[in-house]
Amino acid sequence: MLPMIFILPIVQLMLLVYAATLEMKNINLFVVDNDMSPTSSKLINKFSGSPFFNLNQSSFSLKEAEVSLIKNKADIILYIPENFEKKLFRENKSKIQLLINAINGTKAGLANAYAVSIISDYNKNVITENVNFPTNIKMPDIRVIYSYWYNPELNYKIFMLPGILVILVTIIGMFLSALNLVREKEMGTIEQINVTPIKKYQFIAGKLIPFWCIAMFELGFGLTIGKIVFHIPMLGNLFVLFGFTSVYLLVVLGLGLLLSTLAGTQQQVMFLAFFFLIVFILMSGIFTPTESMPQWAQYLNRINPFYYFMRVIRMILLKGSGFIDILTEFVSLCIYAIIVLSLAVWRYRKVA
Amino acid sequence: MAEKIIQVKNLVKKFGHFIANDHLTFDVYKSEIFGFLGANGAGKTTAMKILCGLSSPTSGEINIAGFDVYTETDLIKKNIGYMSQKFSLYEDLTIEENITFYAGIYGLSMKQIKEKMDVLLSKLDLQDSRKKLIASLPLGWRQKLAFSIAIFHDPKIVFLDEPTSGVDPITRRQFWDLIYEATHHGITCFVTTHYMDEAEYCDRISIMVDGRIEALDTPDKLKEQFQAENMNDVFVKLTRN
Amino acid sequence: MKRFWGFVIKEFYHIFRDKRTMLILFGMPIAQILLFGYVITNEIRNIKIAVYDKSKDEITRKIMQKILSSGYFIFEKEIHSEDEIKKTFKRGIVKEVIVFDEDFSRKLERNKTASIHLIADASDANTANLIVNYTNAIIRDFQSKEISKQIMPFQIIPEVRMLYNENLKGAFMFVPGTMALILMLISAMMTSISITREKEFNTMETLLVSPLKPIQIIIGKVTPYIALSFVNAITIIVLGSLVFDVPVKGSLVLLLAETILFITMALSLGIMISTVAKTQQVAMFISMFALMLPTMLLSGFIFPIENMPVVLQVISNIVPPRWFIIIVKNIMLKGTGFNYIWKETLIIAGLTCIFIFISVKRFKTRLE
C-alpha cells in the first residue's frame, strides 16, 4: 500500500507525460526529383529548411518511394516530374505530386497543410522574382498572425501533466477506497464492526477520510514533481485548486463507496472499476477535445466527474482562472457530490 | 501374508539444509486403513505429497501400487485417488458436472460415468440435487461427495489429507463408514488426521515426530506399548519425549 | 485426448458462469469500438470561437461566414475589448478568438495588406495547433478565390493524394489498435486470472495428482480463451468494416493467421504472469500495469512512437502490440503481402517462444 502511494505517481507521471505526445514533428519526406532544375532544387531546399520535415530519403524512382511508404519509412512523397521547370515557365502552370500516408488522418492533414503552405510560400517567391510588377501594383495580401496563449511553445507535457494528476488522484480516491471497503467485507471483519456501537456513518467517515487525505497529498506531491521536473506553470490560485479538489474527492469517494456496495469481492471491484475508469477517463478530454465528441457523448460527460476536474485543473494551472471562472463547474460538482454521497450512504445502510 | 501396496525405504526429503523427512521406512498393505499422524510441521504432508507424485524425494526407494516413483509416475497417477485438505470440488459447477469432469480425467467413458454416477447419487441420496451447484451444499455433504469422487475410478490407493476437518461428529461417522466400505472393495486408504479419536478407526498407525517415524503399529499395540488409555495419550507421551 | 476435452469443457463452464468475466469479454470490445471509433478523435468539430471584429465591414463578414460554414467551428460570442479576451479564455468559453484589424477592407485596398490575428487557447496544445491551421487554411482559400481574382502566372499546383485513407477517417488508426488492445486484455489478463483462480480454489493440487500432464493443464486452461479471442477479433474486424468502412484490402487468411499468432503470444504472456502472481488480484494488477498501459501508450496506438524520448522508443520495441499493429495496418489498409511483414511476424513468434520457455521453466520449478 505504502510504496504504491509514492511509486505510482512517479511512474505514471514520468512514463505517461513523456509518452503521451501528439506533436507532429519529424515527418519523413521522400523526395523524387526527376527534374533536377534550379527551381526544383530551391523548392526542395525550402522543405529541408522546415522544422516539420525530415528529408532523409531521395531517389529517382517513384516505385522505390512507394515501397518506402509501405514500409513506413516515409510518411509523404514529394514527386517532381520531368520538365517541371520548363512547363512552369512556358505554360504558366506545372504540377507536382504529394503522396501522403493517410492512415493517421490527423498527421496526414497536418503534413498536407505544412507542405502546401511551404509550396505556396515558394510560389510567391517565384512569382516576385520573375514578374516585374509596377511598383504601385501589388498583390493584396491578408497577413495571418497567430499566437498561442498560455502555452506558446505548444509543449505537450504541460498539457498532459494536469491530466495525469487527475487520473492519479481519482484512482486513489475511488479505486483504492472501494477496494479497501470490499476487502473488509471479504474478510468478514465488517460483520464484527456492525455488532459494535460504532454508527454506520462514523464507520464510513473513518474509512474514507484517510483516502481523502492521501489523495490530497498525492495532488500536492504530483504538483511538486510537475514543477521541479517539468516546470509546469501554476498561474492560478492553488487554494482554489485544492478547494475544488476537496469537493471532487467527495464525489469520487462517494462513487467508490457505491462501487463497494455493488461488488462482493475485490476482484469484482477491480473489474468494474477498471471498465468504467477507462471509459470515463478517455471521455474526459484528457487526450482529445470533448467538443469533437458526438452529442450523446457530451451528454454523458455531464455525469463524468473526470470531465469537470480535467477542465478545471487545466484552467487554474495554465490560465490562472480564478474561483469565479470555475463557478459553474464547482456548483455542478457540489450537486453531484450531494447526490452521490446520499445514494452511496443509503445503499450502504441497506446492504452492509 | 497380505500384499504390500506401498513400499517405502529410507525416504529422505531435504529443503536446502532442512531435513523434512529423515529416512522413513514403512510398508502399507492392500485394503488396510493406514493412519499417518503427527504434529504440524512433523513432515506428514511432505511425505504424502511425495507418495502422490506431487513432488520428488531427495533419495530413497519408493514403490506405489507396484510402480516406481521415479520412473513410472504416470502409471502411479492413473491408479491412485486424492482428496486434498483444502477441498477441491468446483463451487461454480454442479454435482453432475464435477463428477463428469473428474471421472473424465481418469479415463472413464461417458457410458461408464453415467452408470456409476446414478449408483453413487442414489447411495448418497443426492439424485434430486444432481444439478445443484456445489456452493449450495453444506460442508459435510461436500466432503462425502469429494471422497466418492476420489474413488470413482476404482483406484488401488486413495490418499486422504485431513479429510474430516471442520465437520460435525455425525457426518464424520458417516464419512468413516464410507472409508470402511471402500476398503471392503479392495481400496487401500492412506489417511492423515489431527483427530486422535479417528486414529482408533485405523488398522495401523504411524506417528511422525520431527521428520522421523517414532511409532508404527496397530492402535491397540501402541496403547499397550505406551501404557496409555487412548491414542491421545499415546501421542502426548510420544511427543513429550 | 478425452481427458483433455473434459477439462476444456469445464473451463468453458467457469467462463460462462462468471458474469463479470462475460461483461469484460463481450462488453469491452463493443465499448472500445464505440469509444475509439466515435469518441476519441483528433478531428476538429464544434469548436467554439469568438470574434473581435474591429472593422465590421463586408470582407470581414465574408471571411467569418466562410469560417463558420466549414463545420469545424461554432460562433459563441462577440468580443469588444482586449480584457474581454482574457476573461473569455479564463472561463473556458471559447478555444479561439479571431481578431480583425481596424479598417480592414480599406487597408487591404490601399496598403495592400491587412492583418487577422488568431489567438488560440493553447492550454489544449494539440487542438490549438489544429484549430489555427484549419482557420489559416480557410483564410488562405478565401484569399486565393476572392481576392487574387487575377490569374497569376507561374502557378505551382500540388496534386495531393491521400493514400490508404482518402477521407482521413480516425477509425483507420484506431481499429487495428483496438484489436491489439482487446486481444491483449482478454488473452493475457483472463488467462492469468483463470490460472490463479485455480490456485485459490486449491484445485490445482488435485489436478496435478491426476493423470493430466502439466502441459495439458496449461493448454486446457488456455484453449477457451483462444476461441473467445478469435471470435472477438473477428467481431472487431466486422464492426470496423460495417460501421466505419475500414477495409480489409489484403488477404483475410493472412490477417487471421497473424491474429492467431498474436493471440498465442498474448496467452503465453498470460501464463507467464500466472506463474509469478500468487493471487488473482496480483495477476490482474500486473496485467493492468505491465500490459494495458504500455499497450495503450507505447504501441503506437494513439501516440506516434517516433516523437517519444529515445528511452521509451527502445522500450516500445518489446511491446508486442507495436508489431502487431504494424502487421494489421499493412494487411488491412495497405493490402500488402507477407513479404512486407515477415520481420514483425518473426518478432512476435520469437517473443512467444521466450514466454513459453519461461513459463514452462517456472512451472516445473514450482513443482519441486
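This is a short walk through chain A, the sheet it shares with chain C, and the contacts between chains. Keep in mind that we are looking at a predicted model.

Let's start with chain A. Its secondary structure comes to 13 helices and five strands. Now the overall shape. The radius of gyration is 28 Å, and the globule rule gives 20 Å for 352 residues, so chain A is more spread out than a compact globule. The C-alpha trace spans about 100 × 45 × 40 Å along its principal axes. What share of chain A is buried? Buried residues make up 42% of its 352 residues. Contacts next. Take those in chain A between residues at least 6 apart in sequence: 79% of them join residues at least 24 apart.

On to the sheet. It is open, it has five strands, and the pairing is mixed. The order runs β2(A)-β1(A)-β3(A)-β4(A)-β5(C). Note the last name there: that strand comes from chain C. Which strands stand at the edges? Those are β2 (53-59) of chain A and β5 (155-163) of chain C. Each has a single partner strand, so one side of each is left without a neighbour in the sheet. From one strand to the next, the twist averages 25°.

Zoom in on one pair. Strand β1 of chain A, residues 27-33, pairs with β2(A) in the parallel sense, over six bridges. For a residue to look at, try A:Asn28: its bridge partner in β2(A) is A:Asn54.

Now the helices on this sheet. Helix α2 of chain A, residues 38-48, packs on it and touches β1, β2 and β3 of chain A. Its direction makes about 175° with that of β1(A). Then there is helix α5 of chain A, residues 105-130. Helix α5 lies across β1, β3 and β4 of chain A, together with β5 of chain C. Against β5(C), helix α5 runs at about 170°.

Last, the chain contacts. Two pairs of chains touch, and the most contacts are between chains A and C. Chains A and B do not touch; their nearest C-alpha atoms are 15 Å apart.

That brings us to chains B and C. Their contact takes 23 residues from chain B and 20 residues from chain C. Which elements of chain B give two or more residues to that side? They are α2 (73-79) and α3 (95-105). The largest share, five residues, comes from α3(B). By class, the chain B side has nine nonpolar, eight polar and six charged residues.

Notes: Residues numbered from 1 in each chain as written. Chains lettered and ligands numbered in written order. Predicted model: local features only at pLDDT ≥ 70, side-chain atom pairs only at ≥ 80, totals over all residues. Helix = DSSP H or I, 4+ residues; strand = E, 2+ residues; numbered from the N terminus. Rg over C-alpha atoms; globule rule 2.2 N^0.38 Å. Buried ≥ 20, exposed ≤ 12 C-beta atoms within 10 Å, placed from the backbone. Contact = placed C-beta atoms within 7 Å. Nonpolar A, V, L, I, M, F, W, Y, C, P; charged D, E, K, R; others polar. Pairing = 2+ DSSP bridges. Axes fitted to C-alpha atoms, helices over the stretch in contact; angles between N-to-C directions.
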